[in-house]
Amino acid sequence: MAPRSQVIAVAGLVVPVVLVTALVAGVALGAPAKSPAPSLAAGAVATASPTFPPLPPTPSPAASASPSDSPPPAGVDPLLGSDGRLTLLLMGTDYRPAHPGNRTDAMMVVSIDPTTGKSAGFSVPRDVADFPLPKSGTYAPKVNGLYQYLDGKMGDGGKGMKQAFSRAFGIEIDHYALIGFTGVIKLIRNVGGVDVTLAEPYYDPFYWVNSHHRGWGLPAGKSHLTAEDALIFARSRKGDSDFQRAKRQQQLVMAALAKVRTRGLGELPKLLTIAKDTVRTDLPIDRAAELFALYSTVDLPKVDRAVFGPKKFATKSGGTDYKLVLDLCKQWIAHHFPPERPLGSWTPPPA
């Protein structure tokens, strides 16, 4: 493969995953108190963006990183693991100098069947408590602190989170991606924003756009969101709730993936440049061409989605904390996730 083709193929892998993570991460990405976001009235278009710091300088794992601690059995594709489907854990961190650490206020698991394109995903609310730890026991505080806790204990928060989510939901998590502030603004801006369609108007009267302007919203129908709009749309929650906000984040994810497809491969290298400085991941970039082909098979309107919140999937456990009803979460996964293909392998379509 020629060098330019390699760059495009790698971008084809990273950008869709990064955009998913960026939009899911919108909940966590607030500007520092002394650097407010630009003013946005309902339906207005932003003209500037706040300046966010990058993630702390921690190298990503090697491109050939395996999804497990030991080599997979013979005949198993290391990319897909033993269940024959690609399952990713996507996280957004609220890191900023005034609030050191990496609280993952947004967490989503997505899974794709490489043979059919069937895909599904679910979000875990940040206020979930008593979340299972990787080996045994539970993490008593809110789950948005688990990444930082495991990073300190294991030296690899991404690996620890994969193990914790795998144990909690009884599924194989192959890879993870984590994004910070800068990537959200830059990535969405570089795909020209996204379009969303609302069944009814949305308005948050309490959202501080800047120190002088409070309140932000969108009308019913189709709206074009700039990078700044998308960030506010994903963060805002007092117009409805944390759980409805998670649904809006999922809507933005679908819009971003659709936008990447329409822009074509020629636009992707510059997005990869941004991703290299703003994303931590163990995705194997040496499999980039196959992964782009896999991503391209997904039928976006038919992606099954859920937020594991109350009243069905979680119960209130005191204050603002919730505890997952894991049996019901697992039932949803069993019904909506792509089928397992034990020891399966995937032969990607020809280029």
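Q: Hi! What's the handedness of the crossing of helix 2 and helix 3?
A: Helix 2 and helix 3 cross in a right-handed way: the near helix is turned clockwise from the far one by less than a right angle, while anticlockwise would be left-handed. Helices (H or I, at least four residues) and strands (E, at least two) are DSSP runs, numbered from the N terminus.

Q: Is this a predicted model, or what should I know about the source?
A: This is a predicted model, where local features need pLDDT of at least 70, side-chain atom pairs count only at pLDDT 80 or more, and totals for chains, interfaces and linings use all residues. Residues are numbered from 1 along each chain as its sequence is written, and side-chain values use heavy atoms, leaving out hydrogens and water.

Q: Back to the pair: which residues of helix 2 meet helix 3?
A: Leu146, Tyr147, Leu150, Asp151 and Met154 do, where contact means heavy atoms within 4.5 Å. Their partners in helix 3 include Gly157 and Met161.

Q: Cool. What about helix 5, mostly covered or mostly open?
A: Helix 5 (residues 227-235) is mostly covered, with eight of its nine residues buried. Buried is under 20% relative accessible area, exposed over 50%, partly exposed in between (1.4 Å probe, protein chains only). Among the buried ones are Leu231 and Phe233.

Q: And the sheet, what's the strand order?
A: The open sheet of six strands runs 11-6-1-2-3-12, with mixed pairing. Strand 11 (279-281) and strand 12 (304-307) are at the edges with a single partner strand each, so one side of each has no neighbour in the sheet. Two strands pair if DSSP finds at least two bridges between them.

Q: How do strands 1 and 2 pair?
A: Strand 1 (residues 86-93) and strand 2 (residues 104-112) are antiparallel, over eight bridges. One bridge joins Thr93 to Thr104 in strand 2.
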